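Student: I have a protein model open in front of me, and I would like to learn how to read it with some care. Could we go through it feature by feature?

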Amino acid sequence: QVQLVESGGGSVQAGGSLRLSCAASGDTYTISRYCMGWFRQAPGKEREGVASLGTGAGSTYYADSVKGRFTISRDNAKSTLSLQMNSLKPEDTAMYYCAALFGGSCSLSSSRWRSGYWGQGTQVTVSS
């Protein structure tokens with residue numbers, strides 16, 4: 001079992017930056033073996049993958065809409081996941097969720113995320 005708690009959301013003007021954090025608890029002894037990711041859902045829209053990070057080199061995935069602006073990182077020793085968001089746009093406004101998935105593919109498109117662990121979300125609002 002893994003519990004996830006997000007923080008760092010807020011309101012910012014377009015062009016600004018925010019840093020989201022996700023603290024994991026529970027099965028932290030093996031957290032390094034989990035895929036970790038950020039997803040978001042805007043009102044009236046489906047949830048979409050933003051960025052995910054696997055356990056090995058080269059296993060980082062970004063949605064095309066955030067490439068070059070967002071950076072995902074993890075600190076296994078502290079059991080935390082972060083998302084640095086720069087050059088924010090109004091279309092980035094959404095509830096952002098942290099997710100963890102044990103083993104396997106860490107691709108954002110993997111259907112396995114549905115059966116993963118999820119946090120309660122943190123709201124990000126970007127005004128124009």
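Student: Which residues do ring pairs link into a cluster?

Tutor: Please keep in mind throughout that this is a predicted model. To read aromatic contacts, one looks for rings whose centres lie within 6.5 Å of each other. Here, a search of the whole structure finds four aromatic pairs, and ring pairs link Tyr34, Phe102 and Tyr117 into a cluster.

Student: How is the pair of Tyr34 and Phe102 arranged, and which strands hold the two residues?

Tutor: The angle between the ring planes is the thing to read, since an angle over 60 degrees counts as edge-to-face. Tyr34 and Phe102 form an edge-to-face pair, with 5.1 Å from centre to centre and 75° between the planes. The pair links distant parts of the chain, for Tyr34 belongs to strand β4 (residues 34–41) and Phe102 to strand β9 (residues 94–102), 68 residues apart.

Student: Why does Tyr34 count as buried, and what is the state of Phe102?

Tutor: The word depends on relative accessible area, where buried means under 20% and exposed means over 50%, with partly exposed in between. Tyr34 has 3% relative accessibility, and therefore it counts as buried, whereas Phe102, with a relative accessible area of 42%, is partly exposed.

Student: Over the faces of which rings does Arg47 lie?

Tutor: For this feature, one checks where the charged end of a side chain sits relative to a ring. Arg47 lies over the face of Phe39, at 5.9 Å from the ring centre, and Arg47 also lies over the face of Trp118, at 3.9 Å from that ring centre.

Student: Stepping back, how many helices and strands are there in the protein chain?

Tutor: An overview begins with the elements and then turns to the overall dimensions. The protein chain has zero helices and eleven strands. Its C-alpha trace spans about 40 × 30 × 25 Å along the principal axes. A compact globule of 128 residues would have a radius of gyration near 14 Å, and the protein chain agrees with this because its own value is 14 Å. Buried residues make up 44% of the 128 residues. Among the contacts with a separation of 6 or more, 60% are between residues 24 or more positions apart.

Student: How do I read the pairing of strands, and to which strand do six bridges join β3 in the antiparallel sense?

Tutor: One follows the bridges from one strand to its partner, and then looks for residues that stand opposite each other. Strand β3 (residues 18–26) is joined by six bridges to strand β8 (residues 80–85), and the two run antiparallel, with Leu18 opposite Met85 in β8. Strand β8 also pairs with strand β7 (residues 70–75), again antiparallel and over six bridges, and there Ser73 has Ser82 in β8 as its bridge partner. Six bridges likewise join β1 to β3 in an antiparallel arrangement, in which the bridge partner of Leu4 is Ala24 in β3.

Student: In strand β1, which residues make up the covered face and which the uncovered one?

Tutor: In reading a strand, one can list the residues on each face in turn. In strand β1 (residues 2–7), the covered face holds Val2, Leu4 and Glu6, while Gln3, Val5 and Ser7 make up the uncovered face.

Student: Is Phe70 buried or exposed, and what does Phe70 touch?

Tutor: It helps to ask first where a residue sits, then how covered it is, and then what surrounds it. Phe70 is in strand β7 and counts as buried, because its relative accessibility is 3%. Leaving aside residues up to four places away in sequence, its contacts include Arg40, Val50, Tyr62, Leu83 and Tyr96. The C-alpha atoms of Phe70 and Leu18 are separated by 9.7 Å, although the two are 52 residues apart along the chain.

Student: What sign of phi do Ser79 and Ser87 have, and where are they found?

Tutor: Most residues other than glycine have a negative phi. Ser79, although not a glycine, has a positive phi of about 55°, and it lies in the loop between β7 and β8, a hairpin with four residues between the strands. Ser87 has a positive phi of about 50° and is not a glycine either; Ser87 is found in the loop between β8 and β9. Ser79 is buried, with a relative accessible area of 10%, whereas Ser87, at 40% relative accessibility, counts as partly exposed.

Terms used
Residues are numbered from 1 along each chain as its sequence is written. This is a predicted model: local features need pLDDT of at least 70, side-chain atom pairs count only at pLDDT 80 or more; totals for chains, interfaces and linings use all residues. Side-chain values use heavy atoms; hydrogens and water are left out. Two strands pair if DSSP finds at least two bridges between them. Rings of Phe, Tyr and Trp (its six-membered ring) pair if their centres lie within 6.5 Å; planes under 30 degrees apart count as stacked, over 60 as edge-to-face and the rest as tilted. Buried means under 20% relative accessible area, exposed over 50%, partly exposed in between (1.4 Å probe, protein chains only). A charge sits over a ring if NZ of Lys or CZ of Arg is within 6 Å of the ring centre and within 35 degrees of the ring normal. The radius of gyration is taken over C-alpha atoms; the globule rule is 2.2 Å times the number of residues to the power 0.38. Contact means heavy atoms within 4.5 Å.
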